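Please open the model in your viewer and keep the selection tool at hand. The tour below moves from one selection to the next and says what is there at each stop.

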Amino acid sequence: MKNAMALNMRSYWAGLKAVLVFTVIVIVYTFLMTGIGQLGMPDKANGSMVTNASGQVVGSSLIGQSFVDKDGNALPQYFQSRPSAASDPNLPEDQTDNVNYAANASSGTNKGHQDEDLIKSVTELRSEIAKREGVSVKQVPADATTSSSSGLDPNISPEYAAIQVRRVAKERGLTEEQVEQQVKKYTTGRGLGFVGEPVVNVVQLNLALDNLQ
Amino acid sequence: MVYFYAIMAFGLIAIILAAIYKPLGDYMYRVFTSDKDLFFEKWIYKIIGVDPRKGQTWKAYLRGILGFSLLSVLFLYLLQRIQSVLPFSMGFDNVPGPLAFNTAASFVTNTNWQSYSPDVTLGYTVQFAGLAVQNFVSAAVGIAVAIALVRGFALRKSETIGNFWVDLTRATMRILMPISIVMGIILIGLGVTQNFADWIHVTTIAGNQQTIMQGPVASQEVIKELGTNGGGFFNANSSHPYENPNMWTNLIEILLMLCIPVALTRTFGRMVGQVKQGYAILGAMVILFAASFTFVVTAESFSNDPITSLTGGSMEGKETRFGIVWSGLFGTTSTSTSTGAVNSMHDSYTALGGMMYMLNMMLGEVSPGGVGAGLYGILVMAVVAVFIAGLMVGRTPEYLGKKIGPREMKMASLYFLVMPITVVVGVSLSFALPFARQSIFDTSLNNSGNHGFSEVVYAFTSAANNNGSAFAGITADTPWLDTALGMAVLLGRFLPIALVIALAGSLAKQDVVPVTSGTMRTDTKLFTGLLVFVIVLISALTFFPTLALGPLAEGLVA
């Protein structure tokens with residue numbers, strides 16, 4: 001029994017030293033990787049931030065944004081993002097978050113497909129979008145009414161972009177061809193023809209439209 | 001059309017994995033059979049105070065694992081409890097006790113269940129000096145256990161089964177670390193962040209405020225997938241654009257999760273001197289994986305439940321860039337490898353799609369399972385399959401020339417009982433104990449009815465199988481779930497490991513029985529089929545009633 005105790009103590013002692021050794025190794029690894037990233041690919045390593053025409057950082061090309069006013073109304077001159085469940089955790093409790101896309105609280109709704117609240121909000125949003133874009137509800141694509149997994153999806157489907165072109169062109173006094181050209185520029189197709197899904201980056205698209213004027 | 005993309009996706013990862021199967025499997029074979037230590041490994045052994053040339057009995061090997069793991073839990077717990085005084089803590093406070101215990105247990109057991117939301121709980125230091133360390137070493141422990149079991153089959157009349165400290169060190173330094181460095185750099189190049197910067201506050205294009213979190217993400221992301229850990233740097237895990245920005249990072253992350261568990265079957269074949277034995281095991285893994293992926297894609301594409309029919313596609317909780325096929329492939333990979341990373345919210349899948357993810361875990365994480373854990377898991381199932389076949393023909397069962405006697409069969413049976421018992425007891429207590437039930441209904445559930453029940457079933461299945469994914473609507477940071485799930489991850493990890501190491505010890509002592517015309521071949525397609533049958537049979541019988549109350553009931557309503 002005493003012998004077993006001694007053996008256990010020895011493996012705890014070795015275990016403790018091993019934990020500390022590997023901790024040091026992984027810290028060195030983390031700093032090495034950070035050094036390589038910062039020296040070799042600083043833009044990517046620092047979050048792929050984007051700036052507007054006057055040089056201000058206005059977000060990241062990878063992180064979605066909402067294009068709404070403080071009350072949550074869609075701003076008509078912008079392509080609209082998907083709904084988002086990422087709501088700023090630092091807001092006072094009595095204040096509802098109409099903006100979402102909080103990149104310090106990534107989250108989906110985590111609602112199941114029978115959830116009554118979700119069904120209700122999707123139904124409302126669907127007719128709202130159809131009305132806004134002047135299309136039938138059947139033409140509203142799935143990504144337009146569903147929240148993404150991260151709540152920070154920077155992309156929409158080409159179908160959702162397509163039904164928004166007319167409104168954006170009208171609001172900005174551009175021709176539909178001009179807007180379509182920009183949409184095309186920020187559309188990424190499937191890799192090798194089958195990897196991933198075709199997407200339009202809304203952040204870059206809206207920024208480019210602002211920079212046109 | 002969706003099947004075209006699904007087949008192409010599956011084909012692409014199959015081709016890439018086939019190309020690295022032999023090189024990686026053979027490399028790992030050399031790592032664990034070489035008798036040379038590299039110079040920095042010698043330093044490590046000197047500091048730890050172990051003799052790398054000394055073999056360990058199964059008891060000594062197990063003492064090493066348990067000692068190392070216990071100290072890991074304590075260290076990680078302590079680190080979280082003093083977070084507020086650590087550098088780079090981003091203003092976060094000390095993690096509360098029950099939550100810190102849950103997280104420590106979860107990361108040391110390679111589970112990476114996250115009761116906490118990283119976005120509002122953890123600064124950089126706890127992540128890279130605590131969680132990422134366990135991402136490396138808990139994966140290395142898994143590999144070590146698998147290699148010890150394989151030695152049990154390969155060795156003859158041996159009292160020892162290798163040296164735990166050597167296996168741990170080599171798995172970390174020669175396998176996980178080099179791959180992480182190379183693939184981590186590629187991830188940064190594709191847009192995964194890697195910095196120690198403050199969070200960035202911006203006024204957005206539309207004039208709103210946005211706070212964008214930063215951090216050393218790539219270095220942790222790569223080992224999170226490679227070590228089949230799964231704990232996200234951010235709350236949204238691999239669906240967060242900084243963890244998984246595009247289709248290429250998604251592809252790489254899927255491959256990282258699969259490469260070691262798949263290639264270990266080659267290492268196994270080499271170590272027992274019959275590579276075909278590895279192919280037979282791999283065949284069973286591939287069949288189960290392909291069936292599961294097909295099922296998920298079908299469920300997500302052809303459901304007519306309210307949300308899917310209303311919106312025109314199952315895109316709730318999915319990212320546009322991944323869609324159904326690449327979310328489904330990631331989810332199938334993650335739940336089949338015990339990783340638990342998610343690039344889509346499993347809680348928002350169709351009832352049957354979500355059920356498939358649960359089933360992947362309920363199979364015992366063997367298709368292909370976690371790093372190491374998948375191999376030892378399926379080898380135990382192979383022992384069971386051989387035993388059942390032996391009963392049918394009335395012969396003493398043998399596997400790889402080792403007799404499967406009463407002692408070996410006891411270990412194997414106990415092994416496959418641990419997980420289902422942990423799951424079923426955990427779920428039952430959650431609804432039977434009054435205070436637990438109350439906390440489940442008042443705080444934990446995000447969905448009602450059958451789907452709410454599924455959230456609890458998923459939680460315990462994930463914990464007991466050391467997976468770590470969730471039906472993430474559930475609020476798990478309650479005293480009951482923190483404690484119960486913390487216990488489940490520990491039982492689900494260390495009881496099976498103890499049984500496997502004991503099994504390795506008793507197999508290693510045996511001599512090899514010569515092959516005769518009456519020996520059942522275990523390197524054939526027939527055996528692969530039998531293995532699949534046994535794995536499915538055991539979990540189906542165990543879990544059918546549970547699934548009937550949860551996702552099946554929900555799915556049938558639609």
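## Helix packing in chain B

Select helix H14 (residues 373–393) of chain B together with helix H19 (residues 525–557) of chain B, whose axes come within 9 Å of each other and cross at roughly 105 degrees. Because of that angle, H14(B) counts as roughly perpendicular to H19(B). Bear in mind throughout that what you are looking at is a predicted model. To display the contact, show the side chains of Met381(B), Ala382(B), Val384(B), Ala385(B), Ile388(B) and Ala389(B) on H14(B), and then those of Leu530(B), Leu531(B), Val534(B) and Ile535(B) on H19(B). If you colour this contact by residue class, you will find ten nonpolar residues, with no polar and no charged ones.

Next, select helix H1 (residues 2–33) and helix H10 (residues 275–301) of chain B, where the axes come within 11 Å and the crossing angle is roughly 150 degrees. With that angle, H1(B) is therefore roughly antiparallel to H10(B). Val2(B), Ala6(B) and Phe10(B) make the contact from the side of H1(B), while Ala290(B), Phe293(B), Val297(B) and Ser301(B) make it from the side of H10(B). The classes here are six nonpolar residues and one polar residue, with no charged residue. As you turn the view, note that H1(B) passes H10(B) in a right-handed crossing.

For a third pair, select helix H12 (residues 323–336) and helix H13 (residues 351–362) of chain B, which pack at an angle of about 25 degrees with their axes 8 Å apart. That angle is why H12(B) is described as roughly parallel to H13(B). The crossing of H12(B) past H13(B) is right-handed. Which residues of H12(B) and H13(B) meet here? Gly331(B), Thr332(B), Thr335(B) and Ser336(B) in H12(B) meet Tyr357(B), Asn360(B) and Met361(B) in H13(B). By class, this contact of H12(B) with H13(B) holds two nonpolar and five polar residues, and no charged ones.

## Loops and a hairpin in chain B

Now move to the loop between H13 and H14 of chain B, and pick out Pro368(B) within it. The peptide bond that joins Ser367(B) and Pro368(B) is cis, with omega at about 0 degrees.

In another loop, the one between helix H8 (217–226) and helix H9 (247–271) of chain B, select Asn237(B). The backbone of Asn237(B) deserves a look, since phi is near 55 degrees there, a positive value in a residue other than glycine.

Then select strand E1 (residues 200–203) and strand E2 (residues 209–212) of chain B, which run antiparallel and are joined by four bridges. One bridge to follow is that of Val202(B), whose partner in E2(B) is Gln210(B). The two strands E1(B) and E2(B) form a hairpin with five residues between them, and Gly207(B) in the turn has a positive phi of about 90 degrees.

## Chain A: domains, hairpin and sheet

Switch the selection to chain A, which is divided into domain 1 (2–44) and domain 2 (49–212). The centres of these two domains of chain A, taken over C-alpha atoms, are separated by 42 Å.

At strand E1 (residues 49–51) of chain A, you will find antiparallel pairing with E2(A) over three bridges. Here Thr51(A) has Val57(A) as its bridge partner in E2(A). E1(A) and E2(A) form a hairpin with five residues between them, and the turn includes Gly55(A), which has a positive phi of about 85 degrees.

Select next the open sheet of chain A, in which three strands lie in the order E3-E5-E4 with antiparallel pairing. Its edge strands are E3 and strand E4 (187–188) of chain A, each of which pairs on one side only. Two bridges join E3(A) to strand E5 (residues 199–201) of chain A, and among the residues to select is Asn155(A), whose bridge partner in E5(A) is Asn201(A).

## Where the chains meet

Finally, show both chains together: how many residues of chain A are in contact with chain B? The contact involves 88 residues of chain A and 98 residues of chain B. The elements of chain A that give two or more residues to this side include helix H1 (2–40), helix H3 (116–133) and helix H7 (202–212). H1(A) gives the most, with 22 residues. Coloured by class, the side of chain A that touches chain B shows 43 nonpolar, 37 polar and eight charged residues.

Notes:
Residues are numbered from 1 along each chain as its sequence is written. Chains are lettered from A and ligands numbered from 1 in the order in which they are written. This is a predicted model: local features need pLDDT of at least 70, side-chain atom pairs count only at pLDDT 80 or more; totals for chains, interfaces and linings use all residues. Two residues are in contact if their C-beta atoms, placed from the backbone, lie within 7 Å. Ala, Val, Leu, Ile, Met, Phe, Trp, Tyr, Cys and Pro count as nonpolar, Asp, Glu, Lys and Arg as charged, and the others, Gly among them, as polar. Domain bounds come from an automatic or database domain assignment. Two strands pair if DSSP finds at least two bridges between them. Axes are lines fitted to C-alpha atoms, for helices over the stretch in contact, and angles run from 0 to 180 degrees between N-to-C directions. Angles under 35 degrees count as roughly parallel, over 145 as roughly antiparallel, 65 to 115 as roughly perpendicular and the rest as oblique. A crossing is left-handed if the near helix is turned anticlockwise from the far one by less than a right angle, and right-handed if clockwise.
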